[in-house]
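Trainee: I should like to request a close look at a single part of this structure, namely its interior and the helix packing around it. Please set that part within the whole chain.

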Amino acid sequence: MVKAMSAKQCKEERTQLVNECRPVIYGQDPSNNCCQRVRVLHVECMCPYVTPKFAKLINLARTAKQIRSCGRNIPHNFKCGTVFWDGMAAAVALRY
């Protein structure tokens with residue numbers, strides 16, 4: 001059985017993700033350290049912060065492509081926070 005993350009552990013994980021992946025927000029490709037954080041991220045720690053406003057800031061299609069380039073899969077019809085990643089594979093394929 002997998003133990004749930006504590007609030008403190010989630011906060012630390014989000015902080016590490018933000019610190020390692022900040023350059024991605026400014027258009028850079030994810031670094032190896034950023035990809036490592038993406039691969040081990042617990043979605044239950046990040047998804048509560050994914051709102052439509054946040055989704056507009058990060059460009060979901062670009063973010064989905066980068067998450068996949070780091071080796072992390074996004075399941076079809078995946079809901080994270082209040083945002084459905086529905087059809088993201090098609091959006092990525094069409095835009096890139």
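How many helices and strands are there in the chain?

Mentor: The model is a predicted one. Its chain holds six helices and two strands, and from the N terminus on the elements run α-α-α-α-α-β-β-α. Of the 96 residues in the chain, 32% are buried. Among contacts between residues at least 6 apart in sequence, 67% join residues at least 24 apart.

The interior is best approached through the largest nonpolar core, which has 19 residues. The members that touch the most other members are L17, C21, V38, V83 and W85. Two or more residues of this core come from each of α1 (7–25), α2 (32–40) and α5 (60–69).

Consider next how α1 and α2 are packed. Their axes come within 8 Å and cross at roughly 140 degrees. The arrangement is therefore oblique, since an angle must be over 145 degrees to count as roughly antiparallel. The crossing of α1 past α2 is left-handed. On the α1 side, the contact is formed by E13, Q16, L17, E20, C21 and V24; on the α2 side, N33, C34, R37, V38 and V40 meet them. By character, the residues of this contact divide into six nonpolar, two polar and three charged. L17, C21 and V38 thus appear in the contact, and these three are also among the core members that touch the most others.

V83, another of those core members, has contacts beyond its sequence neighbours. Not counting residues up to four places away, V83 touches V50, T51, P52, A55, L60 and F78.

Helix α5 can be followed through Q66, which is found in it. Q66 has a relative accessible area of 10% and is buried, because buried means under 20%. Leaving aside neighbours within four places in sequence, Q66 is in contact with V24, Q28, D29 and P30. V24 is also one of the α1 residues that meet α2.

I74 completes the picture, lying in the loop between α5 and β1 (79–80). I74 likewise counts as buried, at 10% relative accessibility. Ten residues separate I74 and A64 along the chain, and their C-alpha atoms are 7.5 Å apart. Outside the four places on either side in sequence, I74 touches A64, I67, R68 and W85. Of these partners, W85 is one of the core members that touch the most others.

Definitions and conventions. Residues numbered from 1 in each chain as written. Predicted model: local features only at pLDDT ≥ 70, side-chain atom pairs only at ≥ 80, totals over all residues. Heavy atoms only, no water. Core = buried A, V, L, I, M, F, W, Y, C linked by side-chain atoms within 4.5 Å. Buried < 20%, exposed > 50% of the residue type's maximum accessible area, 1.4 Å probe, protein only. Helix = DSSP H or I, 4+ residues; strand = E, 2+ residues; numbered from the N terminus. Contact = heavy atoms within 4.5 Å. Axes fitted to C-alpha atoms, helices over the stretch in contact; angles between N-to-C directions. Parallel < 35°, antiparallel > 145°, perpendicular 65-115°, else oblique. Left-handed = near helix turned anticlockwise from the far one by under 90°. Nonpolar A, V, L, I, M, F, W, Y, C, P; charged D, E, K, R; others polar.
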